[in-house]
Amino acid sequence: MYQLYLLINILSGAYIKMADIINARDLRAGNCFNFKGNLYLVIENSFNKTAMREGIVKCKVKNLRTGAITVEVLTGEKMEKVILENLKMIFSYDDGNNYVFMNNETYDTVEIPKFKMEYESRFIEENTPVTVLRNGDEILGINLPDQVVCTIKEAEDAVQGNSVTNALKKAWLLSGYEINVPQFIKSGEKVIIDTKTGKYVARQ
């Protein structure tokens, strides 16, 4: 009888797995949480101990539904921790309204609206590896590797006779994003970019 009672309650929704709750001070980069009806991905965080018992947590976060990046100030709040599914894919093409990503093994594709990828789109080109973030049936966005290889579409000419150590010049990636590079970098070359800072790291 008890087994039947338990089954009826499960089917009726009476037994639901409790959500994982996380305190604001325990948030770390890469965590995803549900706060006031929005899904946020933590980009950076800092915890400042003050006279207040809980202290103050400042989190640079990305709203995974709108693409907006903001700084949230939290003081002891508790929120639901969300475990996202990570899908390994590569960037395939731009269809005009969406960026299309493909699973290299199954050839399955997903589309992500451009407005959700205003920052990440600076550093993707054909075959760039990414992690697509999914929550149930909802595709939320992507995570980039810490470093990616990008092509220099155009670079300023080197300044002749410039002997200043670490002298830089302007260059543009295929996306049109402007970066500073050493004088020896030329158009068409491949360079390594830090996706957190958006800065040049090295020539590939």
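**Entry 1: I124**

I began with I124, which is buried at a relative accessible area of 8%. I note at the outset that the model is predicted. I placed I124 in the loop between β9 and β10. I then listed its contacts, leaving aside neighbours within four places in sequence, and found F91, Y99, F101, M117, V130 and L144. I also looked up the C-alpha separation of I124 and V149, which is 8.7 Å for two residues 25 apart along the chain. The burial call for I124 follows because 8% falls under the 20% limit.

**Entry 2: the cavity that I124 lines**

I next asked how many cavities of 30 Å³ or more there are. The count comes to one. I recorded a space of about 30 Å³ for the largest cavity. Its lining consists of R122, F123, I124, E125, C150, L173, L174 and S175, so I124 from my first entry appears here again. By class I noted five nonpolar residues, one polar and two charged. Where does the largest cavity lie with respect to the domains? I placed it between domain 2 (85-145) and domain 3 (149-203), because both give residues to the lining.

**Entry 3: N127**

I stayed in the loop between β9 (109-113) and β10 (129-135), where N127 is also located. I checked its backbone and found a positive phi of about 75°, although N127 is not a glycine.

**Entry 4: K36**

I looked up K36, another non-glycine residue with a positive phi, here near 55°. K36 sits in the loop between β2 (32-35) and β3. Is K36 buried or exposed? I recorded K36 as exposed, because its relative accessibility of 72% is over the 50% limit.

**Entry 5: the largest pocket**

I turned to the largest pocket and noted a volume of about 500 Å³. I found 22 residues in its lining, with I43, Y119, E120, T195 and K196 nearest the centre. The elements that give two or more residues to this lining are β3 (38-48), β4 and β11 (138-143). Which element gives the most? I identified β3, with four residues. By class I recorded 10 nonpolar, four polar and eight charged residues in the lining. I also noted that domain 1 (16-82) and domain 2 (85-145) each supply at least three residues to the lining of the largest pocket.

**Entry 6: K62**

I then examined K62, which lies in strand β4 (residues 56-63). I wished to know which side chain makes a polar contact of 2.6 Å with that of K62. I found the partner to be E120, a residue that I had listed among those nearest the centre of the largest pocket. K62 itself is buried, with a relative accessible area of 5%. Setting aside residues up to four places away in sequence, I recorded that K62 touches L39, Y40, L41, I43, G67, A68, I69, K116 and E120. Among these contacts is I43, which also lies nearest the centre of the largest pocket, together with Y119, E120, T195 and K196.

**Entry 7: the second largest pocket**

I noted about 180 Å³ of space in the second largest pocket. I listed its lining as G30, N31, C32, L41, K81, V82, I83, L84, N86, T131, L133 and N143. L41 in this list is also a residue that K62 touches. I divided the lining into six nonpolar, five polar and one charged residue. I placed the second largest pocket between domain 1 (16-82) and domain 2 (85-145), because both give residues to its lining.

**Entry 8: N23**

I looked up N23 in strand β1 (residues 21-23). N23 counts as buried, at 11% relative accessibility. I found a polar atom of its side chain 3.1 Å from the backbone nitrogen of R25. Apart from neighbours within four places in sequence, I recorded contacts of N23 with G76, E77 and K78.

**Entry 9: the chain as a whole**

I closed with figures for the chain. I counted one helix and 16 strands. Of the 204 residues, 35% count as buried; K62 at 5%, I124 at 8% and N23 at 11% are residues for which I recorded burial above. I also noted that, among contacts with a separation of 6 or more, residues 24 or more positions apart account for 44%.

Terms used. Residues numbered from 1 in each chain as written. Predicted model: local features only at pLDDT ≥ 70, side-chain atom pairs only at ≥ 80, totals over all residues. Heavy atoms only, no water. Buried < 20%, exposed > 50% of the residue type's maximum accessible area, 1.4 Å probe, protein only. Polar contact = N/O pair within 3.5 Å; in protein donor to acceptor, adjacent residues only side chain to side chain. Contact = heavy atoms within 4.5 Å. 1 Å grid on protein atoms, 1.4 Å probe; cavity = no way out; pocket = protein on both sides within 12 Å on 5 of 7 lines; lining within 4 Å. Points joined across faces, edges and corners; volume = space filled by probe spheres on them. Nonpolar A, V, L, I, M, F, W, Y, C, P; charged D, E, K, R; others polar. Domains from an automatic or database assignment.
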